[in-house]
Amino acid sequence: MKNTGVNDNLGTVKDDSQLVKIINDAIADKKGINTKILDISRISSIADYFIITSGSNENQIQAIADSVDNAMNREKRDIKSREGFKNAGWVLMDYGSIVVHIFSGDDREFYDLERIWSDGISVEVS
């Protein structure tokens with residue numbers, strides 16, 4: 001499922017690793033808490049990357065989701081599915097090869113995706 005890149009309007013190619021950085025920056029702009037990036041491409045066909053972060057309240061969770069959505073829209077990437085935006089305890093944003101999970105602290109602890117997907121490779125972005 002690895003995305004080798006898509007031409008944007010300027011003729012440049014953005015691959016998944018570049019999009020992961022863009023998403024991470026969008027999350028950081030809204031002060032996402034304890035953001036983790038997992039490369040799950042070798043253990044799952046669901047996606048290549050999970051990006052997991054938290055917000056301290058419903059407004060912050062929605063602001064993070066909006067920031068990610070705006071960043072991906074600038075990259076001309078359409079969201080395939082968005083779940084949980086109304087109740088904002090867990091927002092899931094599916095961009096195909098990249099899935100973003102934005103949790104409240106309690107929901108993140110309860111669902112514990114980092115433990116469930118612990119066979120994934122932790123990715124650092126700079």
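**Entry 1: β3 and its partners**

I looked up D39 and found that it stands opposite Y49 in β4. The model I am reading is predicted. D39 belongs to the pairing of strand β3 (residues 33-39) with β4, where the two run antiparallel and are joined by five bridges. I then asked which residue stands opposite L38. It is S122 in β8. Strand β8 covers residues 121-122, and its pairing with β3 is antiparallel, over two bridges.

**Entry 2: β7 and its two neighbours**

I moved on to strand β7, residues 98-104. In what sense does β7 pair with β4, residues 49-55? The pairing is parallel and runs over seven bridges. As one position in it, I noted T53, which stands opposite I102 in β7.

The pairing of β7 with strand β6 (residues 90-94) is antiparallel, over five bridges. Here I noted L92, which stands opposite H101 in β7. I also checked the hairpin of β6 and β7: three residues lie between the strands, and G96 has a positive phi near 85°.

Next I checked how covered β7 is. Seven of its seven residues are buried. In a regular strand the side chains alternate between the two faces of the sheet, so I looked at each face in turn. On one side I found I98, V100, I102 and S104, and on the other V99, H101 and F103; all are buried, and both faces of β7 are covered.

**Entry 3: helix α1**

I looked up the length of α1. Its 14 residues should span 20 Å at 1.5 Å a residue, and the end C-alpha atoms are 20 Å apart, so the model agrees with the expected value. After the helix comes K31, with a positive phi near 60°.

Which residues of α1 are buried? They are D16, L19, V20, I22, I23, N24, A26 and I27. I stopped at N24, which lies in this helix, residues 16-29. Its relative accessibility is 16%, and because the cut-off for buried is under 20%, N24 counts as buried. Leaving out residues up to four places away in sequence, N24 touches T35, I37 and V125.

**Entry 4: the nonpolar cores**

I looked for the largest nonpolar core and found one of 21 residues. The residues with the most contacts inside it are I23, I51, V68, M93, I98, V100 and I102. Where do its residues come from? At least two are supplied by each of α1, β4, α2 (58-74), β6 and β7. As background, nonpolar side chains tend to be buried together in soluble globular proteins.

I picked I51 from this core for a closer look. Not counting residues up to four places away in sequence, I51 touches V20, I23 and I27, then T35, K36 and I37, and also I98, V99, V100 and H101. There is a second, separate core of nine residues, and among them are I40, A47, F50 and I52.

**Entry 5: salt bridges**

Side chains of opposite charge can pair when their charged atoms come close. How many salt bridges are counted here? The count comes to four. I wrote down some of them.

D25 and K21 form one, with the closest N and O atoms 3.0 Å apart. Both sit in helix α1, and because they are four residues apart, about one helical turn separates them. D25 is partly exposed, with a relative accessible area of 33%. K21 is also partly exposed, with a relative accessible area of 29%.

E114 and R108 meet in another, at 2.3 Å from N to O. E114 counts as partly exposed at 22% relative accessibility, whereas R108 is buried, with a relative accessible area of 7%.

D112 and R115 form a further salt bridge, and their closest N and O atoms are 3.2 Å apart. For D112 the relative accessible area is 26%, so D112 is partly exposed. For R115 it is 55%, so R115 is exposed.

**Entry 6: confidence**

Last, I checked the pLDDT. The mean for the protein chain is 89, and 87% of the residues reach 70 or more. Residues 1-13 have a pLDDT below 50. I noted that this stretch has 30 contacts in the model beyond near neighbours in sequence.

Terms used. Residues numbered from 1 in each chain as written. Predicted model: local features only at pLDDT ≥ 70, side-chain atom pairs only at ≥ 80, totals over all residues. Heavy atoms only, no water. Buried < 20%, exposed > 50% of the residue type's maximum accessible area, 1.4 Å probe, protein only. Contact = heavy atoms within 4.5 Å. Pairing = 2+ DSSP bridges. Expected span 1.5 Å × (residues − 1). Core = buried A, V, L, I, M, F, W, Y, C linked by side-chain atoms within 4.5 Å. pLDDT = per-residue confidence, 0-100. Salt bridge = Lys/Arg side-chain N within 4 Å of Asp/Glu carboxyl O.
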